[in-house]
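Dear colleague,

I am passing on the structure below, together with an account of what was found in it. Please keep it open beside you as you read.

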Amino acid sequence: MQKLDLVIKNGTVATSADIISCDIGITGGRVIALGENLEGESEIDASGKIVMPGGIDSHLHLDQPTGDGSVMADDFYTGTVSAACGGTTTVIPFACQQKGDTIRAAVTDYHARAEGKAVIDYAFHLIVTDTTEQVLGHELPALIKDGYTSFKIYMTYDALKLNDHQILDILSVARRDGAMAMIHAENSDCIAWLTEKLEQAGDTAPHFHAASRPPVVEREATHRAISLAELVDVPVLIVHVSGPEAIEQIRWAQNKGFSVYAETCPQYLFLTAEDMERDGFEGAKCICSPPPRDKSSQEDVWRGLENGTFQVFSSDHAPFRYEDDKGKKMLGEDTHFKYIPNGVPGVETRLPLLFSEGVGKGRIDLCRFVELTSANPARIYGLYPRKGTIAVGSDADIAIWDPDKEVEITNEILHHNVDYTPYEGIRVRGWPETVLSRGEVIVKGGEFHGKAGRGNFLKCESPLPAKPKYRVARRT
Ligand code: URP
Ligand code: ZN
Ligand code: ZN
């Protein structure tokens, strides 16, 4: 038996497939043995604890230039420290192409932002905003080969959005070269039209953000995104799904056998549009797109997590400070909702919220929790089984949870660089106490002990779930 550097003993080990009692032997940063009575140079006693693969947050924004004067509060250090303290050991933020520029330039820029700072491993999704011949024919294929095997397509936001023709072009590249396409599905023209009507009525306070992007706007775009993917015969993943209208479209496509995957986020389980009506400007703290809906929508989202409609649960952490001239208040408190930076922070609270309300309340079991938060993101973005599981050969990215620890979420206990959390005051049961990244303990007793820059860039494989099913006659 090879000598073990570290053994995690006596824990209940949960993966997306099994819950077993065993020791985990780690050497050279990888899991090399699962068994009984393992012995190592050092040992962690996990009696009474749940030992899970570290979370993979496959949708978050770190240090992403915005172009409107706002500045994200978390860089790759604070953002990944916060992720780690919340039980996450891999992040996949976005490298966003600036219109008119190359995607390669964005990738080079994001590497510079991450290197020397990230404390856990990271990959990048690409955001494609310009579909020139050079991008479609040369850049994307080369980048996919280099390990950037997923990209996000925006159907809204003037600086980012693509029209249907452009989306079809990109989906064709995804199909040909084996990449996963993620789609932000909201109808841009409907939002612009509704915003004009609200403006004419003088309704520009933060909570009118929700009225400018009602569920039908998301439903229409979701159905259109699915139809475009059907036309090209390529899998797609609809990101940050907010409620039953979009869920119905996704379920419809899945029932037809199309490879349509879906992601949701904590804001659609724990916030509603009423949170944007908080006193004064406070509602701005909860502005994100699509907006949080209502209580009954939250129940539909829970059902989608329970019944398999959703494959991925991520944070969509978009860190803008509240009291800051580069954050939510960058244009003061009287500003129009359309100028308030979109997004809510949540990289650290993602897992505890889902664990407490999902596993703790019996809505989902532990295996499904791991599937949604770690195994499926690894599979869908080409990192499995190196990440997303505890198996012989996988990286020893492990979170040891105290399932009984009660915590009141307050911004004070969090490690991000944002000055608020939308989940202030929510009490949760269950918290990741010890977190290992490639076998190194980086969080102990809930506090960070790692070093800036220890995180490695991960090249993603072409994801198996991105393979076309050849169910539809292709027209391209
Ligand atoms: O409001 C949100 N979700 N902001 C982040 C950007 C995005 O579209 O994911
Ligand atoms: Zn989005
Ligand atoms: Zn996002």
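How many bridges join β5 to strand β16 (residues 398-408), and do the two run parallel or antiparallel? Four bridges join this pair, and the two strands run antiparallel; within the pairing, P53 has I398 of β16 as its bridge partner. Please bear in mind throughout that this is a predicted model.

Strand β5, which covers residues 50-53, is also joined to strand β1 (residues 4-14), here by two bridges and with the strands running parallel. In that pairing T12 is the residue that stands opposite I50 of β5. Strand β5 is thus paired in the parallel sense with β1 and in the antiparallel sense with β16.

Turning to the sheets, there is an open one of seven strands, with parallel pairing, whose order is β8-β10-β11-β12-β13-β14-β15. Its edges are taken by β8 (94-96) and β15 (312-313), each of which has a single partner strand, so that one side of each is left without a neighbour in the sheet. Within this sheet, strand β13 (residues 236-238) and strand β14 (residues 260-264) pair in the parallel sense over three bridges, and the bridge partner that L237 finds in β14 is Y261.

An open sheet of three strands, again with parallel pairing, has the order β6-β7-β9. Here β6 (55-57) and β9 (121-122) are the edge strands, and because each has a single partner strand, one side of each lacks a neighbour in the sheet. Strand β6 is joined to strand β7 (residues 88-91) by three bridges, the two running parallel, and D57 stands opposite V91 in β7.

Among the helices, I would point to α8 (residues 244-255) and α10 (residues 295-307), whose axes come within 9 Å and cross at roughly 30°. That angle makes α8 roughly parallel to α10, since angles under 35 degrees count as roughly parallel. The residues that meet are P244, I247 and R251 on the α8 side and S297, D300, V301 and N307 on the α10 side; by class, this contact has three nonpolar, two polar and two charged residues.

Finally, the pockets. The largest pocket holds about 1,100 Å³ of space, and of the 45 residues that line it, those closest to its centre are D68, Y157, D158, K338 and N342. The elements that give two or more residues to this lining are β11 (150-154), α5 (188-200) and α6 (208-212), with the largest share, five residues, coming from α5. By class, the lining of the largest pocket has 17 nonpolar, 19 polar and nine charged residues.

The second largest pocket has a volume of about 150 Å³, and its lining is made up of M155, K161, L162, N163, D164, I167, N187, S188, D189 and R224. Two or more of these residues come from each of α4 (164-177) and α5, and by class the lining has three nonpolar, three polar and four charged residues. Helix α5 therefore deserves a second look as you go through the model, as α5 gives residues to the lining of the largest pocket and also to that of the second largest pocket.

With best wishes

Technical notes
Residues are numbered from 1 along each chain as its sequence is written. Chains are lettered from A and ligands numbered from 1 in the order in which they are written. This is a predicted model: local features need pLDDT of at least 70, side-chain atom pairs count only at pLDDT 80 or more; totals for chains, interfaces and linings use all residues. Side-chain values use heavy atoms; hydrogens and water are left out. Axes are lines fitted to C-alpha atoms, for helices over the stretch in contact, and angles run from 0 to 180 degrees between N-to-C directions. Angles under 35 degrees count as roughly parallel, over 145 as roughly antiparallel, 65 to 115 as roughly perpendicular and the rest as oblique. Contact means heavy atoms within 4.5 Å. Ala, Val, Leu, Ile, Met, Phe, Trp, Tyr, Cys and Pro count as nonpolar, Asp, Glu, Lys and Arg as charged, and the others, Gly among them, as polar. On a 1 Å grid over the protein atoms alone, a cavity is a set of points where a 1.4 Å probe fits but cannot get out, and a pocket is an open set with protein on both sides within 12 Å along at least five of seven lines; lining residues have an atom within 4 Å of a point. Grid points are joined across faces, edges and corners, and a volume is the space filled by probe spheres set on the points. Two strands pair if DSSP finds at least two bridges between them.
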